Amino acid sequence: MRLDPELLEAYRCALYVVYGAPDLVIRIGERNAALDALLDEDGADTAAYLTAANPNGELQDETANEVSCSALHQALADAGYTCFAGEGRDPAGHWPAEPSVLAVGISRREATVMGRSYEQSAIVFIEHGNAPELVILGCA
């Protein structure tokens, strides 16, 4: 599906941060040894970086984003996934940070379903040993 070119570029350049000491920063197309180590700790081969913020690429207020992202995090935890909180950051500063979650052990199919159910245009899918991939879900 086609995505607005500016939004697509923002997704590709974003920093997908998992809170920690230190923070784990995920970038599209760049292999990440620390991310692989996190997957190893959980005995998982896959993960997805998801948000429920700003559905359809439309800015929402902070409270609405926090409520929807909390619901996403709870749904993932209820499904049995190990979850780590984080935020998607725009290094250019045009978009505010989006509360997000890394779900460890989730399949590509389930991550896609979750992303679509929260009206997201894209998700980040991770397979152990490979560079994180931007998966386009719909138009915005």
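Here are some notes on the inside of this predicted model: its cavity, its pocket, its nonpolar cores and one of its helices.

1. Start with the enclosed space. The count comes to one cavity of 30 Å³ or more, and its volume is about 310 Å³. If you want to find it on screen, go to Y11, A14, Y16, G88 and E98, which are the closest to its centre among the 23 residues of the lining.

2. Who builds that lining? Helix α1 (5–13) and the strands β3 (46–51), β4 (82–89), β5 (98–104) and β6 (122–127) each give two or more residues to it. The mix by class is 14 nonpolar, six polar and three charged residues.

3. Now the open side of things. The largest pocket has a volume of about 230 Å³. Its lining has 13 residues, and E6, L7, E9, A10 and W95 are the ones nearest the centre of the pocket. Sorted by class, the pocket lining has seven nonpolar, three polar and three charged residues.

4. On to the packing. The largest nonpolar core has 22 residues, and those that touch the most other members are Y11, Y16, I26, Y49, L102, I126 and L134. Several elements supply at least two residues each to this core: α1, β1 (15–18), β2 (24–26), α2 (33–42), β3, β5 and β6. Y11 and Y16 may ring a bell, since both are also among the residues closest to the centre of the largest cavity.

5. I126 is worth a click. Leaving out residues up to four places away in sequence, I126 touches I26, L35, L39, D45, T46, A47, A48, Y49, L102 and P132. Of these, I26, Y49 and L102 are also listed with I126 among the residues of the largest core that touch the most other members.

6. There is a second group to look at. Apart from the largest core lies another core, of 18 residues, including L50, I106, V135 and L137.

7. Last, helix α4 (residues 108–117). Which of its residues are buried? A111, T112, M114 and G115 are. These four sit on the same side of α4 because they cover an arc of only 165° around the axis. That fits the usual helix geometry: with 3.6 residues a turn, residues three or four places apart point the same way. The cover over the buried residues of α4 includes β3, α3 (62–78) and β6.

8. One backbone detail to check while you are there: E119, just after α4, takes a positive phi of about 55°.

Technical notes. Residues numbered from 1 in each chain as written. Predicted model: local features only at pLDDT ≥ 70, side-chain atom pairs only at ≥ 80, totals over all residues. Heavy atoms only, no water. 1 Å grid on protein atoms, 1.4 Å probe; cavity = no way out; pocket = protein on both sides within 12 Å on 5 of 7 lines; lining within 4 Å. Points joined across faces, edges and corners; volume = space filled by probe spheres on them. Nonpolar A, V, L, I, M, F, W, Y, C, P; charged D, E, K, R; others polar. Core = buried A, V, L, I, M, F, W, Y, C linked by side-chain atoms within 4.5 Å. Buried < 20%, exposed > 50% of the residue type's maximum accessible area, 1.4 Å probe, protein only. Contact = heavy atoms within 4.5 Å. Arc of directions from axis to C-beta.
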